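Visitor: I'd like to learn how to read salt bridges in a model. Could you take me through some?

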Amino acid sequence: MTSYLHNTELPNSQLKTLQSALVLFVEKGFFNTSIPDLVKHSGVSTGSIYHAFKDKQAIAEALMKALLVQIDKEQQEILIKHSSSWERFYELSKWMIETADKHPQVMQFILNARHKEFMPHLKPICSSQPFITLRSVIQKGMEDGEVIEMDVMVAASSTFGGVMRLIQLGLDNVLEKPLPEYLDQITRTSWRSIAT
C-alpha cells in the first residue's frame, strides 16, 4: 500500500514519522502508541523524532495538518476541473470513496479518531477547510439553482453525509461489495434528496 502523504516540503524523516503515526494511531490508538513504536515502525531515530516534534501530541497535530493540507489540495484540483455542482459533488464523492478504498487509514483517522482526547485545542474536524469546501459546493448549487434552497448543513448532511456514512460502513467491513461499486448508487440517491 502506497502512502497517502507525499508532501515534498517535509524532510524525509518527518514524513516517515507522520506516515508511521497514521498507521499506528489507527491500528493501536493514539494512547497505545509509544515513541519507541514510532521509531521501530518508521526507522527514524528517537533523537530525530524528538528534534522534529516536541512530543507525541505534536506528532498528531502535524499529522492532522499534513492530512488536511493534502486533502484540500486534492479537492481544489477536482473543483478546477468541474463546474456544475452535481459534477463537483459526484467527483468529490468519488475521490472520497477511492481514498477510503486505497488509503483506509486516512479516512479512519479523519472520521473516527477521537481527536479532542489527544488534541484538545483542535477545532472540530467539520469546521476544517476540507469540510467547508464540501459545504461550499452545495451552497454554490443553491445559488446556481441546482439545489433546493434549504439550510446548507441539512443539504450537505443529506449528500456528503450519506457518502461518509457509506465509507464508514466500508471501513467497518459490513458492505457486501467493494466500496467503489456503490459510488453511482449513493451519489444519485443523495443528490436526488436536494436537487431542484
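Guide: Start with the cut-off: a salt bridge is a side-chain nitrogen of Lys or Arg within 4 Å of a carboxyl oxygen of Asp or Glu. Keep in mind that this model is predicted. Glu-77 and Lys-73 form one such bridge, their closest N and O atoms being 4.0 Å apart.

Visitor: Where do Glu-77 and Lys-73 lie?

Guide: Both sit in helix α4, four residues apart, which is about one turn of the helix.

Visitor: And how many residues does helix α4 have?

Guide: It has 26, running from residue 56 to residue 81. From first C-alpha to last, α4 reaches 38 Å, close to the 38 Å expected at 1.5 Å a residue. At its start, a side-chain oxygen of Asp-55 comes to within 3.2 Å of the backbone nitrogen of Gln-57.

Visitor: How many salt bridges does the structure hold?

Guide: Four. Another of them joins Lys-28 to Asp-37, with 2.8 Å between the closest N and O atoms. There's also one where the side chains of Glu-117 and Arg-114 meet, at 3.7 Å from N to O.

Visitor: Is Arg-114 buried or exposed?

Guide: The cut-off for exposed is over 50% relative accessible area, and buried is under 20%. Arg-114 counts as exposed because its relative accessibility is 61%. Its partner Glu-117, at 48%, is partly exposed.

Visitor: What about the other two pairs?

Guide: Lys-28 is partly exposed at 35%, and so is Asp-37 at 21%. Back in α4, Glu-77 is partly exposed at 39%, and Lys-73 is partly exposed at 46%.

Conventions. Residues are numbered from 1 along each chain as its sequence is written. This is a predicted model: local features need pLDDT of at least 70, side-chain atom pairs count only at pLDDT 80 or more; totals for chains, interfaces and linings use all residues. Side-chain values use heavy atoms; hydrogens and water are left out. Helices (H or I, at least four residues) and strands (E, at least two) are DSSP runs, numbered from the N terminus. The expected span of a helix is 1.5 Å times one less than its number of residues. A polar contact is a pair of N or O atoms within 3.5 Å; within protein, one must be able to donate a hydrogen and the other to accept it, and residues adjacent in sequence count only if both atoms are side-chain atoms. Buried means under 20% relative accessible area, exposed over 50%, partly exposed in between (1.4 Å probe, protein chains only).
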